[in-house]
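Reader: I have just met this structure and would love a close look at a single part of it. Please pick one place to start and show me how things fit together there.

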Amino acid sequence: MPVVVDPDPLVVESLLASMPAGSHGVESVDRLNAWLGSHSDEYVVLLGPTLSDREAVDTCELMRRSAPAISTVLVREQLEGPLLVAAMKAGARDVVQHHDAAALAESLRRALEFFVALRGPAGAMHVSKVISVFSPKGGVGKTTLSVNLALALAEKGARRVCLVDLDLAFGDVAITMQLFPTHSIEQAIGAEDSVDVEMLDSLLTRHQDSLMVLAAPAHPDTRDRVSPQLISRIVRTLRETFDFIVIDTAPSFDEQVLTALDETDEVVLITTLDVPTLKNVKVAVETFDALHIAKESRHLVLNRADDEVGISADKVEGILGMPVDAQIASSIDIAAATNAGTPVVVSSPQHQMSLAVRQLAARLAGEVLGAPTLQPVAAPVPEQPRSIFSRRRRA
């Protein structure tokens with residue numbers, strides 16, 4: 001996917017508005033190098049207009065030598081002859097004017113064509129998405145939503161989906177789906193430097209609905225032996241073969257969960273309509289903000305969202321400062337389906353939870369699988385700036 005480099009968050013914001021969903025922004029060339037070191041599917045780097053001409057040209061030269069398959073595009077306020085000549089000599093594939101959405105769209109199209117042609121059909125880019133389901137409180141239906149969301153994404157075998165149980169002490173994904181795995185993430189402990197697709201494939205358990213599951217360890221004392229480095233390598237390796245990786249996280253900000261969130265493209269945040277849970281979720285949102293976790297890619301789900309409790313969706317949006325993406329009302333059918341080992345999205349396709357989860361899945365899938373469309377560049381909105389800088393830790 002495209003990457004924008006510019007030290008001005010509002011400039012990056014304006015450029016991202018004209019780019020395919022999933023594009024990323026970083027604030028410096030150093031951050032760009034770190035990002036490219038762990039993401040092999042990037043095909044173009046946009047060098048923003050507030051980077052100096054010298055730094056932009058030097059970066060083009062560096063990319064030409066170190067990553068020739070990735071196109072570099074300079075975005076400038078004014079197109080000047082001497083800069084164009086210097087940029088092209090340094091290896092830039094294009095120079096476009098800031099706010100020219102049509103020129104930017106055409107430049108991105110050519111960059112993608114070049115990337116795919118260079119790698120050939122066998123090496124064509126595989127685009128995947130990591131979705132973490134998180135809540136700071138247990139008992140809010142996190143695992144139930146994770147299982148149903150993964151099944152909705154994998155429905156009819158249309159997409160390759162892996163569900164990872166990262167509640168390493170008390171994971172319930174396997175029992176919720178009535179699976180009895182012979183292997184789990186425990187068998188990967190100590191293999192940080194040797195994790196590959198073949199190894200992970202031997203640890204996965206197949207659900208009857210074409211969903212693959214990486215189960216949590218059977219005993220809670222194993223949790224501390226699963227290192228953050230192992231989590232990072234597992235997620236990055238799963239990206240190579242799956243369209244979606246859904247992670248059911250533990251209700252905490254431990255190192256394993258933070259590492260998974262670092263690798264995450266979308267966060268689904270769950271809350272129920274009680275004051276203690278809302279308080280904890282607000283703290284979680286503030287923590288996400290402080291750590292720059294999925295700032296523009298968060299989805300809020302209200303579970304057990306019943307009118308009788310006296311807290312409306314509008315009030316929740318005001319408290320948490322983010323819109324509600326889905327509401328799921330209390331229903332005994334959901335618990336009954338879970339107890340029967342047939343999640344409601346499979347057993348009752350027309351149930352209100354099934355419909356809500358499918359709608360959420362479609363939104364998440366559309367961002368990756370739908371044809372990207374480039375919209376005209378929107379003017380910056382200073383009163384509601386969004387952070388575009390991702391917090392990354394290297395394994």
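Author: **A close look at the open sheet**

Valine 4 stands opposite glycine 25, which belongs to strand 2. Everything here comes from a predicted model, in which local features need pLDDT of at least 70 and side-chain atom pairs count only at pLDDT 80 or more, while totals for chains, interfaces and linings use all residues. Residues are numbered from 1 along each chain as its sequence is written, and side-chain values use heavy atoms, with hydrogens and water left out.

Let's widen the view from that pair. Strand 1 (residues 3-5) runs parallel to strand 2, and 3 bridges link them; two strands pair if DSSP finds at least two bridges between them. Strands and helices are DSSP runs numbered from the N terminus (strands: E, at least two residues; helices: H or I, at least four). Pairing within a sheet goes through backbone hydrogen bonds, either parallel or antiparallel.

These two strands sit in an open sheet of 5 strands, ordered 2-1-3-4-5 with parallel pairing. The edges belong to strand 2 (24-26) and strand 5 (94-97); each has a single partner strand, so one side of each is left without a neighbour in the sheet. From one strand to the next, the twist averages 25 degrees. Helix 2 (residues 29-36) packs on this sheet and touches strand 1, strand 2 and strand 3 (44-47). The direction of helix 2 makes about 160 degrees with that of strand 1. Touching here means a contact, with heavy atoms within 4.5 Å, and angles run from 0 to 180 degrees between N-to-C directions, along axes fitted to C-alpha atoms, for helices over the stretch in contact.

Now for the surroundings. The protein chain holds 15 helices and 13 strands. Of its 395 residues, 52% are buried, meaning under 20% relative accessible area (1.4 Å probe, protein chains only; exposed is over 50%, partly exposed in between). Cysteine 60 is one buried residue, with a relative accessible area of 0%, and cysteine 162 is also buried, at 0%. The count of disulfides (pairs of cysteine sulfur atoms within 2.5 Å) comes to 0.

Among contacts in the chain with a separation of 6 or more, 74% join residues 24 or more positions apart.

Elsewhere, helix 11 (residues 275-291) and helix 12 (residues 313-320) have axes that come within 10 Å and cross at roughly 40 degrees. In this meeting, Leu278, Val281, Lys282 and Val285 of helix 11 touch Val316, Ile319 and Leu320 of helix 12.
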